[in-house]
Amino acid sequence: MEEKHYEKTRDRRSDAGFFRCAAIVIPYLNPAELAAISCTSKSLYQISKTITSRRTSDASRGSENLPIPFLNPISDDSQPYSYFFYTPTQTLRLRPDFRQAWGSNDQSRLCRKEGRPDPFLLRVEGASGCECASCNGDCCPCLEADEFLLTRECGPSCKCGLGCGNRVTQGGVTVRLKMVKDEKKGWGLYAAEFIPRGQFVCEYAGELLSTKEATRRQQTYDKLASITPALLVVKEHLPSGNKCMRINIDATRIGNIARFVNHSCDGGNLDTVIVRSSGALLPRICFFASRDIQENEELTFSYGDIRLRPNGQPCFCGTATCAGILPSENT
């Protein structure tokens, strides 16, 4: 009897150890892998169901100040969330075998200011910045702003910290947002509260690419109908007009919620702003509200005006100026 009792106790401990390990490993699985393992036992099904619920509750994987939930109102659509790797800032190219946990029990808010990733991917050694303790007035040499849109912020070469009034875009998302799926457009980013004109909404984050790599990827995406690309190319022309600076950010595989901002032929309700910071080598692409945005309103911006492909992807923006197809040009 004592031997049987020992074996049962050992089995229970073994099962408990297995499911503790499973709870750690399963959050690294993609949706197909998660669905496959959920069919193997009732316990793993419950763990998988809990992880799916947590993923649905926050697209940012705990990386932003506020959770950004997925909402799918389409009755016959079984996709509760969109799967992608999350980065709140620019990042270097991912390894092909990269994995990122999503839906674990201890994945609370990871974005506390002291734990947020550095918003500046590359820095300029020896660069000068301001000496201000807090830059809220016009005396700061880093502060160059028009009526609403910041074009320059304090950066890694400045003495001030994240609480500085001239670091608006560096603390992550501070307005409530949500992901909502549309039958025609797919997932889109929506306001979950009123957003006033001039408010910073989010940065466009993803892999920072060379122009050669960006061109190669776009050619690959054009051939794969199963992939919805999120490759943003911003060209800033120099005063001479002969040359331009390019920023290539690919959020197709790893990015943030900005990858879901859809196109609008009337320009949308977001302004795309190139933000530079003292001591940072590269600028960052940020979105600001171009007008007051109401709660439950979709956030949109213009992908451009050039349409090289007459049979390109259809546009469903629904505006009076809709051109019928999405903008397209050579990357």
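**Exercise 1. Confidence along the chain**

Find which element of the chain has the lowest confidence and which has the highest.

Solution. In the chain, strand β1 (residues 70–71) has the highest confidence, at 98, whereas β3 has the lowest, at a mean of 55; the scale is pLDDT, the predictor's confidence in each residue, from 0 to 100, and strands (E, at least two residues) and helices (H or I, at least four) are DSSP runs numbered from the N terminus. Over residues 5–11 the pLDDT is below 50, and this stretch has 0 contacts in the model beyond near neighbours in sequence, where contact means heavy atoms within 4.5 Å. For the chain, the mean pLDDT is 86, and 86% of its residues reach 70 or more.

This is a predicted model, in which local features need pLDDT of at least 70 and side-chain atom pairs count only at pLDDT 80 or more, while totals for chains, interfaces and linings use all residues. Residues are numbered from 1 along each chain as its sequence is written, and side-chain values use heavy atoms, with hydrogens and water left out.

**Exercise 2. Helix α3 and the loop after it**

Determine how far α3 reaches from its first C-alpha to its last, and which of its residues are buried.

Solution. Begin with the span: helix α3 (residues 42–57) has 16 residues and reaches 23 Å, close to the 22 Å expected at 1.5 Å a residue, the expected span being 1.5 Å times one less than the number of residues. Next, the buried residues of α3 are Leu-44, Ile-47, Ser-48, Ile-51, Arg-55 and Thr-56; buried means under 20% relative accessible area, exposed over 50%, and partly exposed in between (1.4 Å probe, protein chains only). Finally, turn to the loop between α3 and β1, where Gly-62 lies. Gly-62 counts as buried because its relative accessibility is 1%, and its C-alpha is 9.3 Å from that of Gly-103, although the two are 41 residues apart in sequence.

**Exercise 3. Two residues and their contacts**

Explain why Arg-217 and Thr-300 are classed as they are, buried or exposed, and list what each touches.

Solution. Take Arg-217, in helix α4 (residues 211–223): this residue is buried because its relative accessible area is 11%. Not counting residues up to four places away in sequence, Arg-217 touches Arg-93, Glu-207, Leu-209 and Asp-250. Then take Thr-300, in strand β14 (residues 300–301), which is buried because its relative accessible area is 11%. Leaving aside neighbours within four places in sequence, the contacts of Thr-300 include Val-261, His-263, Gly-267 and Leu-270.
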